[in-house]
Amino acid sequence: MAEELIGYQAVEEWMGVEYLTLRDVIPEKARAMIVGLNPSPVSVAAGHYYQGQVGQRQLRRLASAGLFDLPEGVRQFEAVALAAGVGFTDIVKRPTVGEKDLVAGELEHGRSLLGEKLGALSVPLVICVFRQPVEALLGRKAAGGSGVQEARTAWGAQVFRMPGPYDAAEKASAVMGELPGLLSRSGRR
């Protein structure tokens, strides 16, 4: 007998194999999507996105910048994000600890699926937690450093790349300071 799924867990086919992963969290009217590389095993086990220390730090930065409200003590972000018109997805749906555990072809496979998925939703703002989603959406040559990207997606969305999780506080603060302007143009704040 299969175990009961919890939270946002889902069994999904990825490159011909079924995996326990996290399903996409898509608001009714998406004003932004947070895109990661792939779900961590810790997050999949909990049934919620960004449950590790690094993920928690990154999402708290987004809440502090005004992307969504975060009540004190909350560790699960999906409900507050959905209420603000913000969703979650990943390039690669197979859970791993990190990029080094991906196999050949996974990023390319996810790149095409991600562009189709977000383009069909007409998402106006894509927030990338790490560099890989930026490169997947814009190409390596067009992808810049942290902050608002000069290039736009194929469907015209703006792309914001989060500062690195271990960047110095002053650098992270400067980069995150760019986000409120994007949010005000997208109707939030």
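Phe68 and Phe77 are both buried, and this is a predicted model, so treat everything here as computed. A search of the whole structure turns up 4 aromatic pairs. Below are the ring pairs, then helices H4 and H2, the largest pocket, and Tyr8.

**Aromatic pairs**

- Tyr49 and Phe88 make a stacked pair, with 5.2 Å centre to centre and 25 degrees between the planes.
- Tyr49 sits in the loop between helix H1 (41-46) and helix H2 (53-64), while Phe88 belongs to strand S4, so this pair ties together parts that are 39 residues apart in sequence.
- Tyr49 is buried, at a relative accessible area of 2%, and Phe88 is buried too, at 0%.
- Phe68 and Phe77 pair up edge-to-face: their centres are 6.0 Å apart and there are 65 degrees between the planes.
- There's a cluster as well, in which ring pairs link Tyr49, Tyr50 and Phe88.

**Helix H4**

- H4 runs over residues 106-121, so to speak a 16-residue helix. From its first C-alpha to its last it reaches 23 Å, close to the 22 Å you'd expect at 1.5 Å a residue.
- The buried residues of H4 are Glu106, Gly110, Leu114 and Leu118.
- These buried residues cover an arc of only 60 degrees around the axis, which puts them on the same side of H4.
- Flip to the other side of H4 and you find Glu116 and Ala120 exposed.
- What sits over the buried residues of H4? The cover includes S1, strand S3 (32-36), strand S4 (86-90), strand S5 (125-128) and helix H5 (131-138).
- Ser122, just after H4, takes a positive phi of about 55 degrees.

**Helix H2**

- H2 has 12 residues and reaches 16 Å from first C-alpha to last, close to the 16 Å expected at 1.5 Å a residue.
- Buried residues in H2 are Gly55, Gln56, Gln58, Leu59, Arg61, Leu62 and Ala63.
- The cover over the buried residues of H2 includes strands S3, S4 and S5, along with helix H6 (169-176) and helix H7 (179-185).
- Just after H2 comes Gly66, with a positive phi of about 100 degrees.

**The largest pocket**

- The largest pocket holds about 440 Å³ of space.
- It is lined by 23 residues, and the closest to its centre are Asn38, Ser40, Val54, Val97 and Phe130.
- H1 and H2 each supply at least two residues of that lining.

**Tyr8**

- Tyr8 is found in the segment before strand S1 (9-14).
- With a relative accessible area of 15%, Tyr8 counts as buried, because the cut-off is under 20%.
- Leaving aside neighbours within four places in sequence, Tyr8 is in contact with Thr21, Leu22, Arg23, Val25, Gly47, His48, Glu78 and Leu82.
- Tyr8 and Ala45 are 37 residues apart in sequence, yet their C-alpha atoms are 10 Å apart in space.

Conventions:
Residues numbered from 1 in each chain as written. Predicted model: local features only at pLDDT ≥ 70, side-chain atom pairs only at ≥ 80, totals over all residues. Heavy atoms only, no water. Helix = DSSP H or I, 4+ residues; strand = E, 2+ residues; numbered from the N terminus. Buried < 20%, exposed > 50% of the residue type's maximum accessible area, 1.4 Å probe, protein only. Contact = heavy atoms within 4.5 Å. Expected span 1.5 Å × (residues − 1). Arc of directions from axis to C-beta. Phe/Tyr/Trp six-rings, centres within 6.5 Å; stacked < 30°, edge-to-face > 60°. 1 Å grid on protein atoms, 1.4 Å probe; cavity = no way out; pocket = protein on both sides within 12 Å on 5 of 7 lines; lining within 4 Å. Points joined across faces, edges and corners; volume = space filled by probe spheres on them.
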